[in-house]
Each structure stands twice: as structure tokens, then as C-alpha cells.
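Welcome, and please take a moment with the sequence and the model below. A short tour of the fold, the surface and the ring contacts comes after them.

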Amino acid sequence: MMTNQAHSVAHEWWKDHSDPAEQRAFLASYRAAQRTERAVAWRRNVMLGFLALAVPILVRLVSTL
């Protein structure tokens with residue numbers, strides 16, 4: 001019986017992007033994605049705040065009809 005004993009080497013993730021230009025491109029892409037996510041989160045939070053203020057006012061207006 002033959003057993004295959006492949007030694008798995010730990011992946012050195014910090015060496016994946018060792019090229020400075022590649023690092024800058026990755027960082028720029030990551031920051032752009034973060035900016036987009038933050039903008040979406042702000043828009044959502046502003047909309048939820050607007051709804052939290054508008055719904056009670058609309059309920060009062062409708063209840064006076």
C-alpha cells in the first residue's frame with residue numbers, strides 16, 4: 001500500500017502582494033469599495049432617520065381626518 005504524504009506548507013499571505021505597484025492598486029481598490037459602502041450606509045441611515053421622523057407626523061395627520 002502506497003501512502004501519499006504531501007507536506008502542506010503554510011500559505012504566506014503577506015507575500016502575495018509584494019509588488020509595491022500591485023499593493024497600491026489593491027489598496028486604492030479596497031478604499032474605493034470602503035467609500036462606496038460608507039456612502040450606502042449613510043444614505044440608508046439618513047433614510048431611516050427621515051422615516052422615523054415622518055411616520056409619527058403622518059400618523060397624526062391621518063388620525064385628524
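What follows goes from the overall picture to individual side chains.

Keep in mind that this is a predicted model. Its secondary structure is quickly told: the protein has 1 helix and 0 strands. That helix, α1, covers residues 20–63. Of the 65 residues in the protein, 2% count as buried. The exposed area comes to about 6,600 Å², and carbon and sulfur atoms supply 65% of it.

Now to the surface itself. Which residues form a nonpolar patch there? The members are M47, L48, F50, L51, V55 and V59, and together they have about 590 Å² of accessible area. One of them, V59, is found in helix α1. Is V59 buried or exposed? Its relative accessibility is 51%, and because exposed means over 50%, V59 counts as exposed.

The rings deserve a look too. The structure holds 1 aromatic pair, made by F26 and Y30, with 6.4 Å centre to centre and 20° between the planes. The pair is stacked, because planes under 30 degrees apart count as such. Both F26 and Y30 lie in helix α1, 4 residues apart, which is about one turn of the helix. Each ring residue is partly exposed: F26 has a relative accessible area of 47%, and Y30 has one of 45%.

Here are the relative accessible areas discussed above, side by side.

| Residue | Relative accessible area | Class |
|---|---|---|
| F26 | 47% | partly exposed |
| Y30 | 45% | partly exposed |
| V59 | 51% | exposed |

In short, helix α1 holds the stacked F26 and Y30 as well as V59 from the nonpolar patch.

Technical notes:
Residues are numbered from 1 along each chain as its sequence is written. This is a predicted model: local features need pLDDT of at least 70, side-chain atom pairs count only at pLDDT 80 or more; totals for chains, interfaces and linings use all residues. Side-chain values use heavy atoms; hydrogens and water are left out. Helices (H or I, at least four residues) and strands (E, at least two) are DSSP runs, numbered from the N terminus. Buried means under 20% relative accessible area, exposed over 50%, partly exposed in between (1.4 Å probe, protein chains only). Accessible areas come from the Shrake-Rupley method with a 1.4 Å probe; for residues, only the protein chains shown count as cover. Patches are made of residues with over 30% relative accessible area and no salt bridge: like charges are joined within 9 Å, nonpolar side chains (Val, Leu, Ile, Met, Phe, Trp, Tyr) within 5 Å. A salt bridge is a side-chain nitrogen of Lys or Arg within 4 Å of a carboxyl oxygen of Asp or Glu. Rings of Phe, Tyr and Trp (its six-membered ring) pair if their centres lie within 6.5 Å; planes under 30 degrees apart count as stacked, over 60 as edge-to-face and the rest as tilted.
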